[in-house]
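Open the model in your viewer with the whole chain shown as a cartoon. The stops below say what to select and what to look for.

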Amino acid sequence: ELHYIPSRKLSMYVRAKIENKQENNTAESNMINYLQIRNKQNYRYHIAYQITPTLSLKNRFEYVIYTKGESKSNHGYLVYQDASYKPKKFPVSFNMRYAIFNTDSYNAALYAYESDVLYAYSVPSYYYKGSRAFIVLKYHISRNLDFWLRYSRTYYTNKDVIGSGLTEIQGSHKSEFKAQIRLRF
């Protein structure tokens, strides 16, 4: 991983991560499960810049290559844009993201941390083909009262059913809504 920080308002890094692990071969044609090499390569470029004292932006491009044994490689990419607005004298601030992703399979899934309501976190997996967006609003009502609202939506361009079993969704998108109030004494 290499970091470059040319000024207080601009920072960037590049990362290359290569994993070689042994996994069981699960092919049904084999009488004996033997070990085979699983290779996963991740390449990332991330840039963050402060436009104004209240507005900052972040961009990321990530690419993955997944290979197991002699099978064909799976590839994927993730591109996103984050915007964060935190005014000094206005009680409402927000974080938002728009992401586009495309992977050959779930094995080539990519992960990225997302802003969430207070004391919660979200690290969704980006796999198959689609887009994802979220927005988190924080309203500082008074010295002792804060309110958060979060909405996220994932849209798959190549799926009509998402998930399986009890979590199965008929359709090509899934949404999540969260609200939180904090009262301090």
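The radius of gyration used here is taken over C-alpha atoms, and the globule rule is 2.2 Å times the number of residues to the power 0.38. A compact globule of 185 residues would come out near 16 Å by that rule, but this chain has 20 Å. The model is a predicted one.

**Whole chain**

Keep everything selected for now. The C-alpha trace spans about 65 × 45 × 35 Å along its principal axes. Colour by secondary structure: the chain has 13 strands and zero helices. Of its 185 residues, 34% count as buried. The chain exposes about 12200 Å², and carbon and sulfur atoms supply 56% of that area. Among contacts between residues at least 6 apart in sequence, 47% join residues at least 24 apart.

**Strands E1 to E3**

Select residues 2–7, strand E1, and residues 10–24, strand E2. The two pair in the antiparallel sense over four bridges, and a hairpin of two residues joins them. To find the register, pick Ser7, whose bridge partner in E2 is Leu10.

Now add residues 35–50, strand E3. E2 and E3 also run antiparallel, paired over 15 bridges. A useful marker here is Asn20, with Asn39 as its bridge partner in E3.

Stay on these two strands and show the side chains of Glu23 and Arg38, which meet in a salt bridge (3.1 Å, N to O). Glu23 belongs to E2 and Arg38 to E3, 15 residues apart. Glu23 is partly exposed because its relative accessible area is 24%, a value between the limits of 20% and 50%. Arg38 counts as buried because its relative accessibility is 8%.

**From E3 to E4**

Next, select Arg44 and Glu62, another salt bridge (3.1 Å, N to O). Arg44 lies in strand E3 and Glu62 in strand E4, so the pair ties together parts that are 18 residues apart in sequence. Both Arg44 and Glu62 are buried.

Move along E4 to Val64. Is Val64 buried or exposed? Val64 counts as buried, because its relative accessibility is 0%. Leaving out residues up to four places away in sequence, Val64 touches Lys40, Gln41, Asn42, Asn74, His75, Gly76, Ala108 and Leu110. For a distance check, Val64 and Ala108 are 6.3 Å apart, C-alpha to C-alpha, although 44 residues separate them in sequence.

**The largest nonpolar core**

Select Leu78, Tyr80, Ala99, Phe101, Ala112, Tyr126 and Tyr156, the residues with the most contacts inside the largest nonpolar core, which has 14 residues. Strands E4 (55–68), E5 (74–85) and E6 (92–103) each give two or more residues to this core. Centre on Ala99: apart from neighbours within four places in sequence, Ala99 is in contact with Leu78, Val79, Tyr80, Tyr126, Gly130, Ser131 and Arg132.

**A salt-bridge network**

The structure holds 14 salt bridges. For the last stop, show Asp116 and Lys178, whose side chains meet in a salt bridge (2.8 Å, N to O). Asp116 sits in the loop between strands E7 (110–111) and E8 (125–126), and Lys178 in strand E13 (residues 173–183), 62 residues apart. Asp116 counts as buried because its relative accessibility is 10%, whereas Lys178 is partly exposed, with a relative accessible area of 24%. Then extend the selection to Glu114, Arg132, Arg150 and Glu176, which are linked with Asp116 and Lys178 in a network of salt bridges.

Key. Residues are numbered from 1 along each chain as its sequence is written. This is a predicted model: local features need pLDDT of at least 70, side-chain atom pairs count only at pLDDT 80 or more; totals for chains, interfaces and linings use all residues. Side-chain values use heavy atoms; hydrogens and water are left out. A nonpolar core is a set of buried Ala, Val, Leu, Ile, Met, Phe, Trp, Tyr and Cys residues joined through side-chain atoms within 4.5 Å. Buried means under 20% relative accessible area, exposed over 50%, partly exposed in between (1.4 Å probe, protein chains only). Contact means heavy atoms within 4.5 Å. Two strands pair if DSSP finds at least two bridges between them. Accessible areas come from the Shrake-Rupley method with a 1.4 Å probe; for residues, only the protein chains shown count as cover. A salt bridge is a side-chain nitrogen of Lys or Arg within 4 Å of a carboxyl oxygen of Asp or Glu.
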